[in-house]
Amino acid sequence: MHCLNSDTRLTNCYGQNSKNSVIEPCNSVSICLVYFGDFRYDNSNMKKQILIFLIIAFPLFAQKEAVSVQLQWLDQFQFAGFYIAKEKGFYDEVGLDVTLKAYAPGIDTVDEVVSQRSQYALGRSSLLLERAKGTPVVALAAIFQSSPSVLIATDPKIKTPRELNGKRIMVTSDEVESAAIMGMLLANGIRPDEVALQNHSMNYRDLIDSKTDAMSCYLSNEPYLLQEAKADFTVFDPKEYGFNFYGDLLFTSEEEIENHPKRVEKFYAATVKGWLWAFDHIEESAALIYEKYNSQHKSFASLVYEGETLKKLAMEKNVQFGSISKIRYEKIVEAYRLSGLLPYLVDLNAFINPMGLGKQKIKIGVLANRPKIDIRMRWEALLAYANEVLPQYSFEMVPLAFGKLEEVIRNGDVDFLFANTMLYVHYENHYGLTRIATLLNLNMAEGEGLKRYGGVIFTRSDNKDINSLQDLKGRRFGAVVEESFGGWVMAYEALLERDIDRSDIDLHFLGTQDAVVNAVLNGEVDAGTVRTDILERMVYEKRIDLSSFKVLSPRAYEGFPYLVSTKLYPEWPLAKLKHTPDRVAYDILGMLIKLTPTDKIAKRTQIAGWTIPLDYSDVHKTLKALRLPPYDRTDLTVEEVFDVYGMWIYLFLGIFIVITASILYVRHTNTLLTAYNRMLDDTVKVRTQDLEKANKALKILSRTDPLTKIHNRHYFMNQAEKYLDIAQRNRTPLQILMLDLDYFKNINDTYGHPVGDQVLQCFTKAVSERLRKSDLFGRIGGEEFAICLQNSSAEGAIEFAEELCTTVATSACSYDEENTINFTVSIGMVSFTDDKGLPELLSKADEALYKSKRSGRNQVSVYRS
């Protein structure tokens with residue numbers, strides 16, 4: 001046995017042969033190593049053993065970095081991810097010694113982090129106010145996608161936020177500055193000076209004992225305690241009133257990010273791992289908290305309830321855990337401004353996860369047919385938009401020269417490729433690329449999207465010697481590169497139609513579209529070709545004067561605004577590489593198809609939008625005719641064989657036999673190639689059909705509530721606005737109904753949420769069967785629904801609503817083979833008048849709905865102004 005002392009010297013403790021050693025305590029050493037077999041003290045053996053030891057032992061004994069996390073409240077499941085990451089060794093695995101600092105009265109979590117007494121802490125969405133004031137805090141992750149913070153009232157007379165006017169409300173100092181709860185009150189017509197704000201006692205029994213009328217609470221805590229106390233209560237969730245804020249923002253300081261970026265990455269990754277484990281093992285996590293982190297003496301059952309509630313708020317469908325959306329935060333900023341809490345401007349890019357932690361890196365290769373600076377200006381704006389809309393990804397644009405494309409694709413160095421149509425066809429065949437969308441090029445004059453493009457052949461306007469394509473023979477001709485579809489191949493096809501082969505011109509490949517234009521302008525070549533829209537864009541960019549050029553063999557196509565000399569072909573596709581997951585492609589497709597020419601991003605990127613992949617059969621035909629990849633594998637015909645080898649055939653009979661056999665082989669190969677080409681065409685059509693189906697499915701998903709299969713809130717609101725415009729323009733009657741299931745909370749509490757979901761499905765099915773095709777039916781939130789009735793009088797709508805009450809009351813929902821649940825619905829109705837917008841109509845219908853509730857439920861009430 002050998003030992004490594006604290007001064008790192010290797011000493012012999014038991015002799016040379018460990019087989020014969022007697023193991024005794026080894027004093028004054030930190031680590032002992034046992035070697036089985038003979039050990040000889042030659043220098044080379046000694047060095048090898050020391051090296052092996054260091055490789056194995058160093059990671060185990062390397063000093064860990066010490067950091068601390070300031071929690072914002074007492075121990076509970078709200079901080080389970082941190083407990084788990086510490087106790088399961090996730091922090092240890094990344095070399096961090098993490099201290100979790102418990103909350104104490106008077107602690108300011110922001111000051112703790114900025115002063116570096118703690119490196120990380122948790123805060124609310126109001127952390128934004130600190131950033132706006134210039135405090136150098138940075139949000140890394142949102143533990144909860146929806147805040148657990150709500151108002152709760154136990155007074156049976158308080159059923160809506162409006163009834164809190166003049167009442168006492170207990171809130172924390174953070175919530176006074178939170179636009180969520182205050183915004184909900186303002187939205188219901190209550191100003192801060194119209195309620196009596198009380199300091200929070202942190203005792204839920206003050207609600208039961210009427211020491212306050214409403215209290216800010218956590219959905220994961222107080223509802224459980226009130227249920228245990230058998231107290232009736234009403235929850236007012238800001239999310240249901242349009243104030244859906246994040247909860248528990250994990251944040252750090254700019255100093256920590258600047259000085260210790262690797263540590264930030266390691267801490268983030270280990271913390272997220274802890275949270276995901278905690279939510280996957282709620283009971284085990286609750287048991288750990290109950291045994292080791294239970295300063296509040298909570299019951300095991302309450303900790304499990306807290307974990308299950310918080311999981312619903314943290315694990316939102318199709319949203320990566322911890323992600324923060326800039327678009328959503330912009331709405332939070334607007335809410336703070338409207339509430340008068342945010343008088344300053346704030347840079348969200350520097351505030352929200354500037355390191356891109358936890359995001360999947362996606363690289364998009366872009367063919368650089370113009371100078372790279374122009375490509376970056378165009379595409380980085382689009383990718384910045386993508387980073388906002390799809391916060392789970394971090395998009396990067398990689399400009400690619402023609403000569404680098406194949407190497408990058410072969411190595412899988414990018415995840416998506418945006419290149420010309422001809423190159424896509426080639427790489428689809430060789431590397432299995434799949435196009436997901438086709439560019440709609442922005443028509444700068446009309447602001448519309450163009451699905452096709454072509455090539456333009458031009459010379460200088462003062463060139464008197466060149467006036468037609470025939471005049472190009474023997475002339476210097478500039479093109480982009482061999483593989484440029486719009487910058488050479490289309491023009492080559494047009495030249496061949498006039499019996500001009502490439503050998504008839506002095507051809508120069510110049511690398512980019514701009515280089516060709518400049519070469520013609522400067523007289524370096526006599527004429528040239530670029531893709532359509534390049535000349536017009538360079539005019540728009542004030543780089544050229546269009547009157548300096550004249551187009552050769554100009555053509556005109558209906559609806560196509562650019563100068564053109566060739567046929568038109570489908571625009572550039574965006575294609576995914578073989579290794580790229582379909583899920584990522586569907587997410588990107590869903591974002592792209594929503595873009596329209598009127599969006600701000602359209603002008604910045606000169607992209608009007610995207611559409612499903614077009615039919616590329618014309619491209620395939622052209623490439624076949626020109627014998628270009630992937631159709632460049634062709635063989636000699638019989639006539640060509642005799643032209644080349646005729647003399648040898650007559651002189652040598654043996655060679656004739658060999659050549660004859662070769663011809664038979666060639667014919668067989670051609671048959672295979674024809675079948676292969678047909679297969680390519682069929683594959684293109686099948687993939688196009690599949691993407692069309694996916695596109696339709698995406699559109700349906702974007703407007704459908706996943707549980708009830710009726711319209712979701714977003715689609716209902718958009719369509720209802722259109723219905724109101726029609727009613728106002730045509731002066732036709734329109735009615736709005738608000739519907740709310742009676743005692744639905746009791747159904748959930750008694751039978752469970754799965755049965756509650758079945759009741760919602762039964763309800764919407766019963767209502768949908770009574771609607772006309774022109775009626776609009778949507779789920780507004782929870783058990784609340786709305787109907788918009790076109791061309792319906794008030795009397796007819798009341799009669800219809802009463803029939804709905806009867807239909808719902810007489811229907812029953814079977815939740816297993818033997819049992820059913822009966823339920824009823826309350827309805828509020830309002831008639832549209834010219835002076836009311838949709839938000840006001842819904843608010844009035846909501847008032848009528850709660851009148852039905854207060855009057856005994858299962859009835860219809862009409863709003864009377």
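This passage walks through a predicted model, from the whole chain to a pocket, a strand and a single lysine.

At the level of the whole fold, the protein chain contains 31 helices and 34 strands. It has 865 residues, and 50% of them count as buried. Among contacts with a separation of 6 or more, 75% join residues that are 24 or more positions apart. The chain exposes about 41800 Å², and 51% of this area comes from carbon and sulfur atoms.

A good place to begin a closer look is the second largest pocket, which has a volume of about 1100 Å³. Its lining is made up of 40 residues, of which Gln72, Trp73, Arg124, Thr172 and Met202 are the closest to the centre of the pocket. Several elements give two or more residues to this lining: the helices are helix 4 (109-114), helix 5 (127-132), helix 6 (173-176) and helix 9 (222-228), and the strands are strand 6 (120-123) and strand 11 (214-218). Sorted by class, the lining holds 18 polar, 13 nonpolar and 9 charged residues.

Attention now turns to strand 28, which spans residues 734-741. This strand is largely enclosed by the rest of the structure, because 8 of its 8 residues are buried. In a regular strand, side chains alternate between the two faces of the sheet. Here both faces are covered: one side carries Leu734, Ile736, Met738 and Asp740, the other carries Gln735, Leu737, Leu739 and Leu741, and all of these residues are buried. Strand 28 also has two pairing partners to follow in the model. With strand 30 (residues 784-790), strand 28 pairs in the antiparallel sense over 7 bridges, and within that pairing Leu737 has Ile787 as its bridge partner. With strand 33 (residues 825-831), the pairing is likewise antiparallel and runs over 7 bridges; there, Asp740 is matched with Ser826 as its bridge partner.

The last stop is Lys363, a residue of strand 14 (residues 360-367). Is this lysine, Lys363, buried or partly exposed? Its relative accessible area is 34%; buried would require under 20% and exposed over 50%, so Lys363 counts as partly exposed. Lys363 also shows how the chain brings separate stretches of sequence together: Glu396 is 33 residues away in sequence, yet the C-alpha to C-alpha distance between the two is 4.8 Å. Leaving aside residues up to four places away in sequence, Lys363 touches Glu396 and Val398, along with Asp413, Val414, Asp415 and Phe416.

Key:
Residues numbered from 1 in each chain as written. Predicted model: local features only at pLDDT ≥ 70, side-chain atom pairs only at ≥ 80, totals over all residues. Heavy atoms only, no water. Helix = DSSP H or I, 4+ residues; strand = E, 2+ residues; numbered from the N terminus. Buried < 20%, exposed > 50% of the residue type's maximum accessible area, 1.4 Å probe, protein only. Contact = heavy atoms within 4.5 Å. Areas by Shrake-Rupley, 256 points an atom, 1.4 Å probe, with all protein chains shown as cover. 1 Å grid on protein atoms, 1.4 Å probe; cavity = no way out; pocket = protein on both sides within 12 Å on 5 of 7 lines; lining within 4 Å. Points joined across faces, edges and corners; volume = space filled by probe spheres on them. Nonpolar A, V, L, I, M, F, W, Y, C, P; charged D, E, K, R; others polar. Pairing = 2+ DSSP bridges.
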